[in-house]
Amino acid sequence: MTDPSFWHRLQFSFTIVYHYLFPQLTMGLGVFLVIFKWRALRGNADYDIATRFWSHLFGINFAFGVVTGFPMEFQFGTNWARFSNYAGGVIGQTLALEGMFAFFLESAFVYALVWGERKLGPRKHFAAAVAVCAGSWLSGYFIIATNAFMQHPIAAYQTGADGRLSLTDFWGLLLNPWALAEYAHNMTASVVTASFVVTAVGAFYALKGIHPEQARIFLRTGVGVGLAAAVVVAFPTGDHQAKLVARYQPASLAAMEGRFESGPRAALTFIGQPDVQERRIDNAIHAPMLLSILAYGTPNRSVQGLNDFDEKDWPTNIELLYYSFHVMAGLGTMFIALFALANFARYKGALERWRPLLWVLMLAFPFPYIATTAGWMTAELGRQPWLVYGLFRTADGFSDSVSSGNALFTLIGFCGLYFVLGLLYVFLILRDIDHGPTQARHGGAAVHG
Amino acid sequence: MAEVWFSILALTLVLYAALDGFDFGAGLVHLWVARTDDERRAVLAAIGPFWDGNEVWLLATGGVLFVAFPSVLAVAFPAFYLALFLVLWCLVLRGISIEVRNHLEDSLWAAFFDAVFAGSSSLLALLFGLALGNVVRGVPIDANRSFTLALFTDFLPTGQVGLIDFYTLSVGLLSSVFLAAYGATFLAARTGGSLRVRCLAAERNSAFVAAALFVIVTIETHFVRPSLLANLLQRVPGWLGIAVLVAGASLWLSGFRAGRDRRAFIGSSLVAIGILGAAAAGLYPTIIHSTLAPEFDLNAPASLVPPYGAAVGLVWWLIALVPALLYVAMGFRRNWERVGRDPATR
């Protein structure tokens with residue numbers, strides 16, 4: 001807390017973690033809406049009801065994503081002015097691209113998707129669903145490309161005489177290999193989140209014995225898409241992402257694994273508590289050689305430990321980074337198992353009737369949110385102490401003209417505002433779920449944004 | 001190139017003001033013109049298809065600043081720290097109150113969110129006016145190319161100025177009253193019955209006050225930032241802005257007199273576009289003016305990113321502008337009917 005960047009970092013991480021709770025469902029649910037509306041177009045009226053129900057929830061979720069997204073763009077300037085001044089010549093491109101190409105597209109069609117079914121007719125309504133889904137996925141790409149430059153600033157820039165970065169290769173920036181890997185990993189994870197949410201609502205209805213047709217649709221689509229996405233999150237996308245970290249951010253990999261000693265046949269730690277002072281893992285349960293295999297494809301390659309690096313280049317919060325990575329990887333593995341089991345039950349025709357499984361599916365929906373948050377914490381804590389990896393330190397990036405007092409003031413403001421927002425969101429969503437998917441249109445005038 | 005990017009910055013900002021301006025204005029007059037639950041729903045239904053897309057123009061403006069003039073963003077944003085967060089929180093509250101109000105049937109909470117919507121819209125109209133006042137008046141940029149800005153100092157527009165002084169406050173008042181008139185004009189064009197009648201009354205009264213305030217602010221501007229008016233009168237875009245303003249004002253007046261609500265609305269948007277466009281023409285090449293010494297001004301040519309980034313950005317930005325403008329046109333084409341008659345909103 002004596003670190004002058006502390007409140008700026010805490011505010012940015014708090015507001016972005018909170019914000020990302022909404023877009024991950026927006027992006028994932030967009031895919032489900034396209035699937036549902038497609039099936040409805042093929043003549044199954046039950047899927048029209050499903051589309052209507054989920055597009056209504058989508059609208060609420062979208063609005064909360066929009067309003068919590070506003071502060072993110074502004075904070076680059078307000079709280080990270082020195083970083084914006086240094087890297088704006090490069091990341092300004094991707095951030096502005098998002099606004100011009102993605103936000104306009106989304107906002108132009110979301111109203112039509114949520115409220116325009118009658119006016120548009122089925123085909124145009126399907127087109128609106130595709131447009132909104134595409135807009136949200138495009139938006140994700142530009143943000144990931146921005147982050148990928150910060151993680152892995154490849155040859156898209158040069159440093160000017162004033163020490164600031166400028167762009168030299170537009171397509172190099174957009175097609176950064178790190179961005180492609182990160183995007184595939186992140187987007188499939190957002191589909192996992194939406195799968196859990198759709199499945200959970202289906203499980204709730206099945207347990208209550210109401211809306212049986214919709215419960216069936218939600219459960220079957222949810223666990224089917226969920227299994228496919230959960231597998232892709234782990235392999236090949238997560239695996240590939242880990243190999244990139246091993247290759248380009250070796251100190252981060254060492255910290256993610258709580259590994260201090262270097263050497264070949266590196267073990268993968270499943271459980272254990274890192275003790276940074278003593279430079280060891282307490283109560284560790286290892287899988288021998290697995291880390292070398294996962295990172296480099298062969299047990300004989302040496303995996304560097306933190307002892308190999310200067311302490312000033314260590315990630316600043318090794319313990320939190322270690323736990324984030326393990327929570328993410330652990331949950332990701334469990335998701336595959338749970339969805340595999342659910343699909344087995346479906347194959348046996350027991351998905352809608354096996355109550356213990358339905359209970360688990362209903363209560364599991366918070367965990368993908370925890371996993372994605374932990375995943376982003378792994379990426380961002382792992383990047384430390386750099387803001388742009390290897391080029392620019394976080395300690396040099398915050399707005400030094402903004403006092404800690406001001407930063408703390410706005411952080412407290414966000415805590416209060418976002419607490420109220422959270423209550424309202426839960427209230428609105430539960431109300432819709434309680435109302436249920438029915439033929440009737442939902443009440444209220446068309447004032448959604 | 002700097003001229004082009006300055007024009008683009010001005011264009012996005014003017015479009016933002018002209019578009020989000022009418023839904024802020026609807027919020028300003030919301031409690032005043034809409035009395036019953038049905039009428040208040042009608043106000044929200046009138047701006048429903050627009051407000052979210054309109055706000056994207058603010059992000060687009062921020063994007064232009066980021067892509068072309070990141071150093072200006074890095075100087076100005078931390079200096080306006082508290083004011084910007086106030087803007088952000090108002091935008092959050094406003095968006096949420098529209099969304100939540102729409103889903104509530106309970107009259108108690110509907111009244112609460114009506115008040116939040118009206119309050120946050122009003123504060124935003126005032127804050128954006130203050131911001132515009134600060135851009136015209138200038139801020140205390142010093143030799144280090146940085147500045148800090150107190151919320152207020154001695155309320156005088158010279159030297160070590162604050163966010164609020166008598167000049168910026170009068171611009172804030174003008175923007176609030178103008179947006180009230182503008183919002184009422186929009187609502188009059190999209191609603192009917194007694195709601196429309198009250199909108200027309202609000203339109204007339206606030207447009208009258210806004211015109212008087214506009215004269216006062218113009219005279220003040222002559223003393224606070226003499227170069228602005230002098231530059232404006234020597235430049236083609238400046239005269240173009242004045243022409244748009246005059247044409248808009250006469251359309252507005254004739255539309256109002258003839259009961260042609262849409263014509264009046266188009267006229268009122270042209271007034272907003274004309275005033276802000278002319279002001280931008282007068283400000284060039286300065287993006288942010290220093291009240292301490294003219295050599296500390298942040299000028300467009302010196303602040304522009306190196307040529308490659310500026311050129312690449314221009315190419316994709318112009319490509320992206322086409323669909324963005326199409327969406328605006330599509331929004332108005334689809335939602336020109338009065339809300340009561342629109343089957344989708346019943």
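1. Let's start with helix 11 of chain A (residues 355–363), whose buried residues are A:Leu357, A:Leu358 and A:Leu361. Buried here requires 20 or more other C-beta atoms within 10 Å of a residue's own, exposed 12 or fewer, and partly exposed lies in between, with C-beta atoms placed from the backbone. The three leucines sit on the same side of helix 11 of chain A because they cover an arc of only 100° around the axis; the arc is that of the directions from the helix axis to the C-beta atoms. On the other side of helix 11 of chain A you will find A:Arg355, A:Pro356 and A:Leu363 exposed.

2. Please keep in mind that this is a predicted model: local features need pLDDT of at least 70, side-chain atom pairs count only at pLDDT 80 or more, and totals for chains, interfaces and linings use all residues. Residues are numbered from 1 along each chain as its sequence is written, while chains are lettered from A and ligands numbered from 1 in the order in which they are written.

3. What do the buried residues of helix 11 of chain A pack against? Their partners are helix 6 (177–208) and helix 10 (318–347) of chain A. Contact means C-beta atoms, placed from the backbone, within 7 Å; helices (H or I, at least four residues) and strands (E, at least two) are DSSP runs, numbered from the N terminus.

4. Now the chain contact: chain A contributes 55 residues and chain B 58 residues. Helix 3 of chain A gives the most to the side of chain A that touches chain B, with 20 residues.

Conventions: Two residues are in contact if their C-beta atoms, placed from the backbone, lie within 7 Å.
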